[in-house]
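Here's a quick tour of one protein chain, with an eye on its helix, its aromatic rings and its core. Have the viewer open as you read.

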Amino acid sequence: MNTLTIEGWCKARGASRSTPAGSFHFRVSEPDHLRLEQAEERLQKTHEPEALVDADMSRMELDMPQGCGPLSDCQWRVYLNENQRGQFHLVGHRASDGGLVYTNAVMIDQLG
């Protein structure tokens, strides 16, 4: 498994801007890593703009910043950068109010 600490953001419903939330600490399981790589390959072949991959919350060991609260859903958003290399970030919604929660992006090949 790969352990990551990435800065994240929250955007309340109806808000025009996201606000910094602090650091998200989580693990990307080997099955999730494989799904991220498969999504990257699919995007390279189909030229779709992005793909959403369900995250396995049972293996993630997600530690969120205080005030973000538990998530009602959690996915990996995968997209290609200008060099056609895959990047991903965590995307979800707060269970308390449905606000958007997301992290900064990471290159898939950095999971190695």
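Which side-chain oxygen reaches to within 3.2 Å of the backbone nitrogen of aspartate 32 at the start of H1? That would be the one on serine 29. The distance falls under the polar-contact rule (a pair of N or O atoms within 3.5 Å, where within protein one must be able to donate a hydrogen and the other to accept it, and residues adjacent in sequence count only if both atoms are side-chain atoms).

Some ground rules before going on. This is a predicted model, where local features need pLDDT of at least 70 and side-chain atom pairs count only at pLDDT 80 or more, while totals for chains, interfaces and linings use all residues. Residues are numbered from 1 along each chain as its sequence is written, and side-chain values use heavy atoms, leaving out hydrogens and water. Helices (H or I, at least four residues) and strands (E, at least two) are DSSP runs, numbered from the N terminus.

**The helix**

H1 runs over 30-46. With 17 residues, H1 spans 24 Å from its first C-alpha to its last, close to the 24 Å expected at 1.5 Å a residue (the expected span is 1.5 Å times one less than the number of residues). Asp32, His33, Leu36, Ala39, Glu40 and Leu43 are buried in H1, where buried means under 20% relative accessible area, exposed over 50% and partly exposed in between, with a 1.4 Å probe and protein chains only. These buried residues cover an arc of only 120 degrees around the axis, so they sit on the same side of H1; the arc is that of the directions from the helix axis to the C-beta atoms. That fits the textbook picture: an α-helix has 3.6 residues a turn, so residues three or four places apart point the same way. What covers the buried residues of H1 includes S1, S2, S3, S4 and S5, counting contact as heavy atoms within 4.5 Å. Right after H1 comes histidine 47, with a positive phi near 65 degrees.

**The rings**

Rings of Phe, Tyr and Trp (its six-membered ring) pair if their centres lie within 6.5 Å; planes under 30 degrees apart count as stacked, over 60 as edge-to-face and the rest as tilted. By this rule there are 2 aromatic pairs:

| Pair | Centre distance | Plane angle | Type |
|---|---|---|---|
| Phe26 and Trp76 | 5.6 Å | 45 degrees | tilted |
| Trp76 and Phe88 | 5.4 Å | 85 degrees | edge-to-face |

Phenylalanine 26 is in strand S2 (residues 19-28) and tryptophan 76 in strand S4 (residues 71-80), so their pair ties together parts that are 50 residues apart in sequence. Tryptophan 76 in S4 and phenylalanine 88 in strand S5 (residues 86-94) link parts 12 residues apart in sequence. Phe26, Trp76 and Phe88 form one aromatic cluster. Phenylalanine 26 is buried at 0% relative accessibility, tryptophan 76 is buried at 0% as well, and phenylalanine 88 is buried at 1%.

**The core**

The largest nonpolar core (buried Ala, Val, Leu, Ile, Met, Phe, Trp, Tyr and Cys residues joined through side-chain atoms within 4.5 Å) has 26 residues, and Phe26, Val28, Leu36, Trp76, Val78 and Phe88 have the most contacts inside it. S1 (2-11), S2, H1, S3 (51-54), S4 and S5 each supply at least two residues of this core, with the largest share, 5 residues, coming from S4.

**Two loop residues**

Glutamate 61, not a glycine, has a positive phi of about 50 degrees. Its place is the loop between helix H2 (57-60) and S4, and glutamate 61 is partly exposed at 45%. Glutamine 84 has a positive phi of about 65 degrees, lies in the loop between S4 and S5, and is partly exposed at 39%.
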